[in-house]
Amino acid sequence: MVPQVPQVPVDPVRDRWQAAMRLALDEARRAVRGGDVPVGAVVLSPDGTTVLATGHNEREATGDPTAHAEILAIRRAAARLGEWRLNGCTLVVTLEPCTMCAGAIVQSRIDRVVYGARDEKAGAAGSLWDVIRDRRLNHRPEVVEGVLAADCARLLTDFFRDR
Ligand SMILES: [Zn+2]
């Protein structure tokens with residue numbers, strides 16, 4: 001008898017971002033060395049082929065309450081482009097952005113946010129709030145959620161279990 005292999009449904013929108021999410025996961029693992037919660041982010045160029053910047057959570061490492069992965073990656077991408085507008089760019093992050101990061105995403109004019117795990121307690125991209133797609137704002141990036149969600153969530157649960 002052939003054992004049953006569970007079929008994971010293929011989602012062409014979600015699966016397109018897996019390679020970039022793996023880079024964000026690598027980045028998230030770097031946070032742990034500084035004692036920080038493992039969250040990682042990358043900013044991709046408008047054509048999606050170039051990583052403009054990366055960032056991981058550095059609150060503990062730097063003592064900066066705003067040093068979330070997304071904020072650091074957005075700042076570095078803007079510095080690299082020499083321009084605060086990141087039109088056309090995609091932010092890929094392992095955890096659903098908080099309100100601060102959602103605000104920064106809207107301010108930066110990033111056009112797409114791809115995230116892994118949902119943050120039911122503090123997420124601002126569909127869970128607790130939806131700041132990113134708030135119809136009252138005139139810049140509303142596309143949101144793709146659930147990319148490698150299990151891997152992203154496992155990194156967090158392992159981190160908190162080990163504490
Ligand atoms: Zn944040």
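Rings of Phe, Tyr and Trp (for Trp, its six-membered ring) count as a pair if their centres lie within 6.5 Å; planes under 30 degrees apart are called stacked, those over 60 edge-to-face, and the rest tilted. Under that definition, a search of the whole structure finds one aromatic pair. The rings of F159 and F160 have centres 5.2 Å apart and planes at 80°, so the pair is edge-to-face. F159 is buried at 9% relative accessibility, while F160 is partly exposed at 48%. Here, buried means under 20% relative accessible area, exposed means over 50%, and partly exposed lies in between, with a 1.4 Å probe and protein chains only.

A word on the basis of these values. The model is predicted, so local features need a pLDDT of at least 70 and side-chain atom pairs count only at pLDDT 80 or more, whereas totals for chains, interfaces and linings use all residues. Residues are numbered from 1 along each chain as its sequence is written, and side-chain values use heavy atoms, with hydrogens and water left out.

I turn now to the metal site. Which residues are the protein donors of the zinc ion? They are H68 through ND1, C98 through SG and C101 through SG, at 2.0 to 2.3 Å from the ion. Donors are N, O and S atoms within 2.8 Å of the metal (3.2 Å for Na, K and Ca); water is not among the atoms, so sites may look incomplete. Along the sequence, the spacing of the donor residues is H-x29-C-x2-C. H68 lies in the loop between α3 (59-62) and α4 (69-81), and C101 in helix α5 (residues 99-108), so this pair ties together parts that are 33 residues apart in sequence. Helices (H or I, at least four residues) and strands (E, at least two) are DSSP runs, numbered from the N terminus. Both of these donors are buried: H68 has a relative accessible area of 17%, and C101 one of 0%.

Helix α4 deserves a closer look. Its 13 residues reach 18 Å from first C-alpha to last, close to the 18 Å expected at 1.5 Å a residue; the expected span is 1.5 Å times one less than the number of residues. Among the buried residues of α4 are A69, I71, L72 and I74. Against what do the buried residues of α4 pack? They pack against β1 (40-44), β2 (51-56), β3 (90-95) and α5, where contact means heavy atoms within 4.5 Å. After α4 comes G82, with a positive phi near 65°.

Finally, the salt bridges. A salt bridge is a side-chain nitrogen of Lys or Arg within 4 Å of a carboxyl oxygen of Asp or Glu, and the count by this rule is 12. One of them joins R30 and E27, at 2.6 Å from N to O. R30 and E27 are three residues apart in helix α2 (residues 18-33), about one helical turn. R30 is partly exposed at 37%, whereas E27 is buried at 6%.

Another bridge links E142 and R112, with the closest N and O atoms 2.9 Å apart. E142 lies in strand β5 (residues 142-145) and R112 in strand β4 (residues 112-117), so the pair ties together parts that are 30 residues apart in sequence. E142 is partly exposed at 37%, and R112 is buried at 18%.
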